[in-house]
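Here are a few exercises to work through with the model open beside you. Try each task before you read its solution.

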Amino acid sequence: MPVTDLADFPRTGALLGLDPGTKTLGVASADALRMIASPVETIPRGKKLAPVLDRLFHIYDDRRAVGLVMGLPLNMDGSEGPRAQSVRAMAWHILQKRDVPLLFQDERLSTAEAERTMISADISRRRRAERIDASAAAVILKDAMHSLAQLP
C-alpha cells in the first residue's frame, strides 16, 4: 500500500524518484541528506515489467535507498485519468516485488520544468530526448523532498 501521509514516509535516507511513462521509466536519486535530486537513468520499458523492476531495485539497493517517490500524472484540474490509473497499477507491481515505502507526488508540469532547465543549460535536442524522463524524475523528487522538509 503506498504511503498516503507524508508523516509516515521515512524522514531520513536516500530516495529514488520515478517518472513512469509508457515507453520508459525515468529514475532520479537523492543522497541520504536529501540535499540534491539528480537524474540517474532512463530505463526502457518493453512488453515485460520484470526486467524494468529488476533494474529499478538494482539501483535502489546500490544507492541504499529507503523509499520511492513516484510521479502521479494528474489532470490540470487535479482529477485522475487513465494515465494515473496506469501509474497506480505500476506501483502495485512494484510493491508486489518488494514492500518498500512508496509515495505518490503530483507530477503536473514536471516534464515541462525539466525541459526548460535543460534548454537553459544548452543541452542538445537529441540529448534532451534521451534524458527528459530521468530529469523529470529529479523534478518530481525535488518537489517531494521540499514537501517532506516542511514537516514538523
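**Exercise 1: a patch on the surface**

Leu-33, Met-35 and Ile-36 together make a nonpolar surface patch of about 380 Å². Patches are built from residues with over 30% relative accessible area and no salt bridge (a side-chain nitrogen of Lys or Arg within 4 Å of a carboxyl oxygen of Asp or Glu); like charges are joined within 9 Å, and nonpolar side chains (Val, Leu, Ile, Met, Phe, Trp, Tyr) within 5 Å. Areas come from the Shrake-Rupley method with a 1.4 Å probe, and for residues only the protein chains shown count as cover.

Before going on, a note on the source: this is a predicted model, in which local features need pLDDT of at least 70, side-chain atom pairs count only at pLDDT 80 or more, and totals for chains, interfaces and linings use all residues. Residues are numbered from 1 along each chain as its sequence is written, and side-chain values use heavy atoms, leaving out hydrogens and water.

Task: find where Leu-33 lies, and decide whether Leu-33 is buried or exposed.

Solution. Step one: Leu-33 lies in the loop between E2 and E3; helices (H or I, at least four residues) and strands (E, at least two) are DSSP runs, numbered from the N terminus. Step two: Leu-33 counts as exposed because its relative accessibility is 67%, where exposed means over 50%, buried under 20%, and partly exposed in between (1.4 Å probe, protein chains only).

**Exercise 2: two arginines**

Task: compare the settings of Arg-34 and Arg-64.

Solution. Start with the backbone: Arg-34 has a positive phi of about 60° though it is not a glycine, and Arg-64 has a positive phi near 55°. Next, location: Arg-34 is in the loop between E2 and E3, while Arg-64 is in the loop between H1 and E4. Last, cover: Arg-34 is at 13% relative accessibility, so it counts as buried; Arg-64 is at 71%, so it counts as exposed.

**Exercise 3: into the core**

Task: which residues have the most contacts inside the largest nonpolar core?

Solution. First, a nonpolar core is a set of buried Ala, Val, Leu, Ile, Met, Phe, Trp, Tyr and Cys residues joined through side-chain atoms within 4.5 Å. The largest one has 27 residues, and Leu-68, Met-70 and Ile-94 have the most contacts inside it. Apart from it lies another core of 15 residues, including Val-3 and Leu-141.
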